[in-house]
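Work through the exercises below with the sequence and the 3D structure at hand. Try each task before reading its solution.

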Amino acid sequence: MERFSTMLKTSTAAPAASGEVETEPCDPNHPNLLGENLDDRLRIHKLLVSGGLAGAVSRTLTAPIDRLKMLLQIHDNARGISLQEGWMKMRAEGTYTAYFKGNGANVLKIAPETAMKLTLNDLFKDMVAKDPDQIQPFERMVAGGLAGAVAQFLLYPLDTIRTRLAVCPHGTYKGISHAAYTMWIHEGPRSLYSGLLPSMMGIMPYAGVDITIFEMVREMLMEEFDDNPPSIAILSAGMVSSSVAQGYPLSDSKVAYEAVASAPWG
């Protein structure tokens, strides 16, 4: 009798149980069929957004210094010009916008370029590293250099337009679209890629060294501060890595090519 009662309970409970769908708790770190978790899938989007915003804000804040640097590189006479003369030249144009000439094109370029460089760097590291968990400095340099070169090449016309807007006499161009149209019509499409060769020669070692130093310093800071380093420490790491990686002779050549009308291809 007891056995019959147990069988009856089981048979009556079975249909209800069979109609239920078993669900597992939603765990953002639970791997899917591709071996990925939610954080992995969102990382590319986070890099695109954060890299783009960081590039746009940093370039806007330093736009007057950036334009002054280009004026010093493209000087009017053999002796060159001083910092004061360059500053006065910008001031003579009459409005505060003179200090930001070319910044619109620079932001249009640097935001997606920074985002692409960071995103591609992750992809290239997975490709070149023998062990992605123990990536070596040389592998970091290769991945960073390739990422920087691809991002620079894809957006290079904006860099040329930015230089033209920054160093050409006041009133030469009315804006980004006018500069692009004028260069395309009067100088040909190749003018948008003036200085490409020295730029590619410079960006690969620059981006490789910059990213390698920054990532290694950041990892040291993460260990030192238990994965929560202060913002000023991260900022300092970025400043040091960029300063060490700068390649000015090639940068001078690139800007000189970009600024000259009808400049050769490379």
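**Exercise 1. Is Lys109 buried or exposed, and at what relative accessibility?**

Solution. The model is predicted: local features need pLDDT of at least 70, side-chain atom pairs count only at pLDDT 80 or more, and totals for chains, interfaces and linings use all residues. Residues are numbered from 1 along each chain as its sequence is written, and side-chain values use heavy atoms, with hydrogens and water left out.

Step 1. Take the cut-offs: buried means under 20% relative accessible area, exposed over 50%, and partly exposed in between, with a 1.4 Å probe and protein chains only.

Step 2. Lys109 has 5% relative accessibility, so Lys109 counts as buried.

Step 3. Look for a partner. The side chain of Lys109 meets that of Glu113 in a salt bridge, 2.6 Å from N to O. A salt bridge is a side-chain nitrogen of Lys or Arg within 4 Å of a carboxyl oxygen of Asp or Glu.

Step 4. Check the partner in the same way: Glu113, at 7% relative accessibility, counts as buried.

Step 5. Place the pair. Both residues lie in helix α5 (residues 103-128), 4 residues apart, about one turn of the helix. Helices (H or I, at least four residues) and strands (E, at least two) are DSSP runs, numbered from the N terminus.

**Exercise 2. Which residue forms a salt bridge with Asp159, and which one with Glu187?**

Solution.

Step 1. Asp159 pairs with Arg162, and their closest N and O atoms are 2.7 Å apart.

Step 2. Asp159 and Arg162 are 3 residues apart in helix α7 (residues 156-167), so about one helical turn separates them. Asp159 is buried, and so is Arg162.

Step 3. The side chain of Glu187 meets that of Arg164 in a salt bridge of 2.9 Å, N to O. Glu187 lies in the loop between α8 (176-186) and α9, while Arg164 lies in helix α7, so this pair ties together parts that are 23 residues apart in sequence.

Step 4. Arg164 is buried, with a relative accessible area of 1%.

Step 5. Turn to the whole structure, where a search finds 11 salt bridges. Asp122, Lys125, Arg140, Glu215 and Glu219 are linked in a network of them.

**Exercise 3. What does the side chain of Thr182 reach at 2.7 Å?**

Solution.

Step 1. Find Thr182 in helix α8. Its relative accessibility is 18%, so Thr182 counts as buried.

Step 2. The side chain of Thr182 reaches the backbone oxygen of His178 at 2.7 Å.

Step 3. Now leave out residues up to four places away in sequence: Thr182 touches Tyr173 and Glu187. Contact here means heavy atoms within 4.5 Å.

**Exercise 4. How far does helix α9 reach from its first C-alpha to its last, and where does it kink?**

Solution.

Step 1. Helix α9 (residues 196-224) has 29 residues. The expected span of a helix is 1.5 Å times one less than its number of residues.

Step 2. Helix α9 reaches 41 Å, close to the expected 42 Å.

Step 3. A kink of about 25° lies at Ile203, shortly before the proline Pro205. The bend at a residue is the angle between axes fitted to the seven residues ending there and the seven starting there.

Step 4. Compare helix α6 (residues 137-154): its 18 residues should span 26 Å, and its end C-alpha atoms are 26 Å apart, which agrees.

Step 5. The buried residues of α6 include Arg140, Ala143, Gly144 and Gly148. Among the elements that cover the buried residues of α6 are α5, α7 and α9.

**Exercise 5. What is the sign of phi in Asp226 and in Asp227?**

Solution.

Step 1. Recall the usual case: most residues other than glycine have a negative phi.

Step 2. Phi of Asp226 is positive, near 55°. Asp227 also has a positive phi, of about 65°.

Step 3. Asp226 lies in the loop between α9 and α10 (231-245), and Asp227 lies in the loop between α9 and α10 as well.

Step 4. Asp226 counts as exposed at 67% relative accessibility, and Asp227 counts as exposed at 58%.

**Exercise 6. How many helices and how many strands does the protein have?**

Solution.

Step 1. The protein has 11 helices and 0 strands.

Step 2. Buried residues make up 37% of its 266 residues.

Step 3. Of the contacts between residues at least 6 apart in sequence, 70% join residues at least 24 apart.

Note on methods
A polar contact is a pair of N or O atoms within 3.5 Å; within protein, one must be able to donate a hydrogen and the other to accept it, and residues adjacent in sequence count only if both atoms are side-chain atoms.
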